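Ready to get to know a new protein? Here are some exercises to work through with the model on your screen, each with a solution you can follow step by step.

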Amino acid sequence: MKGIVRKHRVAIGIVAMSAVALMVTTLTGANASATADRKTTPAAPSGQETTQSLPAPPRPAAVKPATANPIPKRSNQPRLAVHPAAFGAGKAQVATAAATAATTSGGAAPGASTTQKTLILYDSTGQWGWLGEAYAVNAANLVSHGSPYVMQPVSKYTAGQMAAYTGVIYIGSTYDEPVPLAFLDDVLSGSRPVLWMNDNIWQLTARAADFGTQYGWNWQQFDFATTPIVTYKGVALQRDPLAAPSGLLATTVLDPTKATVLATATRTDGSTLPWAIRGGNLTYIGEIPFSYVGSTDRYFAAADLVGQIANPAQVSRKRALVRIEDVSADDDPAQLRQVADYLFAQGVPFSVAVIPQYKDPNGYYNNGKAVNKSLLQVPALISALRYMQSKGGTIIMHGYTHQYSNVANPYDAVSADDFEFYRSHIDASNNVVYDGPVAGDSASWAQGRITSAKLNFLLAGLSQPTIFEPPHYAASAADYQAFQQTFGKRYDRGLYFGGYCPNGACGTGTPDYTKIYGQYFPYLVKDIYGSTVIPEDLGNIEPVPLNNHPARLPADILASAAGMSVVTDGVQSFFYHPYLGTSYLQQIVPGIKGMGYQFVSPATVLAG
C-alpha cells in the first residue's frame, strides 16, 4: 500500500552511537558531572536521511583558561601587515604564494579558486584526539568549495609554513594542546588570514607582546550558559543546548576601530556575547561549530566564515535544487507525471533518484508473496521517467535495490525502506542505530551492485546515470571509494569515520566504524573521498513523526532555507517524495524563489 504508512517515506535521522556513549561515560571528575546527563547524541531534525552529529569536546578544565606550560612572550611587537588575500583582496597578488605551496592533500571542487590554497591545522593529542581529525575533515570538506588544501596536526607545524598558503584554519579541540611557538609567531606576524576556532587562543594572547592593542579584542572566560541563538548577518541561527556544557569562550571588543563582532550569541535570559570576532588578520569563533549540528544551525555561519578564508573573492550566487526521491517500480506513473508537470510549469529543473530494482523479498507489502521487479518489467514507469526527462528531469542512480538481503535493515527488507550499504537496527528507545558495514562489504561488492544497477537502466533503454546517491546517505569507506571510482559525483550528505585521515592523509588509515559522523554541505564541495558532492541541506517533507523525530512541513524547510541564506554562493537543496502530490511543492518552491534563489539543474551546480 502506497502512502505515509510506508517507512521509507519518513526520513532516518540521528542514531545512538557507541563511541559517543563511551565518551560520555568515561569522563571523570568535574567533566563527568557536567556531561553525565547528556544524551549520547542530539535529537536530529526530521527530514534528514542521516545526520550523525559530532559531539563537542569535554568541559574545559578551567573557566578562566591558563596554559599548563607558560608561553614565553615575544620581546618584539610583530608588524600587523594583513596579507593581500585577507578578506576580499585581489587574487592575482597571491598567485605566487599559492604556486609555491606544498603538495595538495585535498582537491578543490569545480569553480574553486586556482590561486588560493588553505592550510588546516587541528589538535591530535589526548583522549579525544580523534575529534580533532573529525573536525578537520568537516573544515576540509567546506574549504574545498573555495580552494585546495593541506590538512595536518598543529603539532607538525614548522616555522614559516603558512607562507606557502593563502589562508589558515586552526581548530582547537583539545584544551591546552601544545601549540608550536612557530605557529603562534606566524599568526602574530599578520601575514595570512587565520580562522581560529575554540581552544588555546590563550596561548596566542600570551605569546603576543600586547594582543589587545594589536588586534583590538581579547578573550575573557568560558561561558556555560545555554545560548540557543547565534545571530549572523541579521539571521537568527540555532545552537543546540547540548553544546552548553563545553562552553563558549567569551570575548570582548577593546578597540572598535580594530575589531568587529561578526556574530552574536544570545543566552536564554536575552543577554548576549560575541560568538565570532575579527581583528586584523585573525577571525575567532568561541566554540567548535561542527558539534551538535541541526537543520537551522550556526554551522551555516561557520561555513560562510570558512569560505571567506578559502576564497575571499568567492562569487555570490543564489541557486536552488530539488530532487524527486525513491522512484522505483512500485511508484504511480501518474503521480510522477503530475510532479514533473508542476515543476516544468514553474521553470524548475529537477533530478529523479531512481532505484532500478524493487524488492520486497518477504512480501511485507504483498500478503507474504515476494516481489522482485526491474525497471524493464514496468513499461509505464519507463515511460514516466522519459516524460520526466522531457520536462527537465535528470535521472540519478539511488543504489541498486535500496535494501539489504531479506532481513530488516532496519525495518522490513523492502526497497526504499531500508539501508543497502550499511547495517542498522531500531533500539528499545525507537532510535535508528548504525551497526557497521554489511557482511561481505568491500569495494568490489559495492561495484558489483553498481554494475547490476547500470545493466538495469541499459535494459530499460534509459541513459546511464552519471551521479550516485547512496541509499539513506550511508555506506562504508570502501563503498564510498567504489562510488568515487565509478561516478566521481554524488548527491547526498557525507558519512565519515574516525581514523580515516591519520596526520591529515585521508584514505591511508583504517576507518573506525564506532566513530561515525555525518556532514551536510551548503554548497558544492569535493569531499575527503575525492568525490564532487552536490549539496542537499534542507531535508524533506515528513507529514508524520518517526523514530523520535517530529513531522517536517514546508514551514520547516523554509526556516532552514532562511538560515542557509547567510552562506555566500549557497545552494538551497531539498528532496521530495512524489506520493505527496504537489500541494507541499506549491509552498516550498515559491518560498525559496521568494528569497531570491533560482532553481537550476544538477549539471549547472556541478559546473562550479
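Before we start, one term: two residues are in contact when they have heavy atoms within 4.5 Å. Also keep in mind that this is a predicted model.

**Exercise 1. Get an overview of the chain: how many helices and strands are there, and what share of the residues is buried?**

Solution.
- Start with the elements: the protein chain has 15 helices and 25 strands.
- Next, burial. Of the 608 residues in the chain, 61% are buried.
- Finally, look at how contacts span the sequence. Take the contacts with a separation of 6 or more: 74% of them link residues 24 or more positions apart.

**Exercise 2. Find Thr227 and work out its surroundings: is Thr227 buried or exposed?**

Solution.
- Locate it first: Thr227 sits in the loop between β5 (217–223) and β6.
- Now use the cut-off, since buried means under 20% relative accessible area. Thr227 has 2%, so it is buried.
- Then list what touches it. Setting aside neighbours within four places in sequence, Thr227 is in contact with Arg239, Leu248, Ala265, Thr266, Arg267 and Leu273.
- One of these gets a closer look: the side chains of Thr227 and Arg239 make a polar contact of 2.5 Å.

**Exercise 3. Trace the strands β6, β9 and β10: which pairs do they form, and in what sense?**

Solution.
- Begin with β6 (residues 229–232). This strand pairs with β9 (residues 259–266) in the antiparallel sense, over 4 bridges. As a landmark, Ile229 stands opposite Thr266 in β9.
- Move on to β10 (residues 272–279). β9 and β10 pair over 7 bridges, also antiparallel. Here you can look for Ala265, whose bridge partner in β10 is Leu273.
- Now check the connection. β9 and β10 form a hairpin with 5 residues between them, and Gly270 in the turn has a positive phi of about 95 degrees.
- Look back at Exercise 2: Thr266, Ala265 and Leu273 are among the contacts of Thr227.

**Exercise 4. Draw the open sheet that contains β19: what is its strand order, and why does β19 have one side without a neighbour in the sheet?**

Solution.
- Write down the order: β19-β23-β22, an open sheet of 3 strands with mixed pairing.
- Look at the edges. β19 (489–491) and β22 (525–526) each have a single partner strand, so one side of each is left without a neighbour in the sheet.
- Then take one pairing in detail. β19 and β23 (residues 532–534) run parallel and are joined by 3 bridges. Lys489 stands opposite Thr532 in β23.

**Exercise 5. Look on both sides of β19: which residues of α12 are buried, and what does Asp492 touch?**

Solution.
- Take helix α12 (residues 477–486) first. Its buried residues include Ala477, Ala478, Asp479, Tyr480, Ala482 and Phe483.
- Ask what covers them: the cover includes α11 (443–459), β19, β20 and β21 (512–519).
- After α12 comes Gly488, with a positive phi near 75 degrees.
- Now go to Asp492, in the loop between β19 and β20 (494–498). Its relative accessible area is 0%, so Asp492 is buried.
- Its side chain makes a polar contact of 2.9 Å with the side chain of Arg490.
- Leaving out neighbours within four places in sequence, Asp492 is in contact with Pro470, Tyr473, Tyr480, Val533, Ile534 and Glu536. Tyr480 belongs to the buried residues of α12.

**Exercise 6. Explore the empty space: what volumes do the largest pocket and the largest cavity have?**

Solution.
- The largest pocket has a volume of about 270 Å³. It is lined by 24 residues, and those closest to its centre are Pro57, Pro58, Ser173, Tyr175 and Asp199.
- Sort that lining by type: 10 nonpolar, 10 polar and 4 charged residues.
- For cavities of 30 Å³ or more, the count is 1. The largest cavity holds about 70 Å³ of space. Among its 10 lining residues, Asn138, Val293, Gly518, Gln519 and Tyr520 are the closest to the centre.
- Sort this lining too: 4 nonpolar, 6 polar and no charged residues.

Terms used
Residues numbered from 1 in each chain as written. Predicted model: local features only at pLDDT ≥ 70, side-chain atom pairs only at ≥ 80, totals over all residues. Heavy atoms only, no water. Pairing = 2+ DSSP bridges. Helix = DSSP H or I, 4+ residues; strand = E, 2+ residues; numbered from the N terminus. 1 Å grid on protein atoms, 1.4 Å probe; cavity = no way out; pocket = protein on both sides within 12 Å on 5 of 7 lines; lining within 4 Å. Points joined across faces, edges and corners; volume = space filled by probe spheres on them. Nonpolar A, V, L, I, M, F, W, Y, C, P; charged D, E, K, R; others polar. Buried < 20%, exposed > 50% of the residue type's maximum accessible area, 1.4 Å probe, protein only. Polar contact = N/O pair within 3.5 Å; in protein donor to acceptor, adjacent residues only side chain to side chain.
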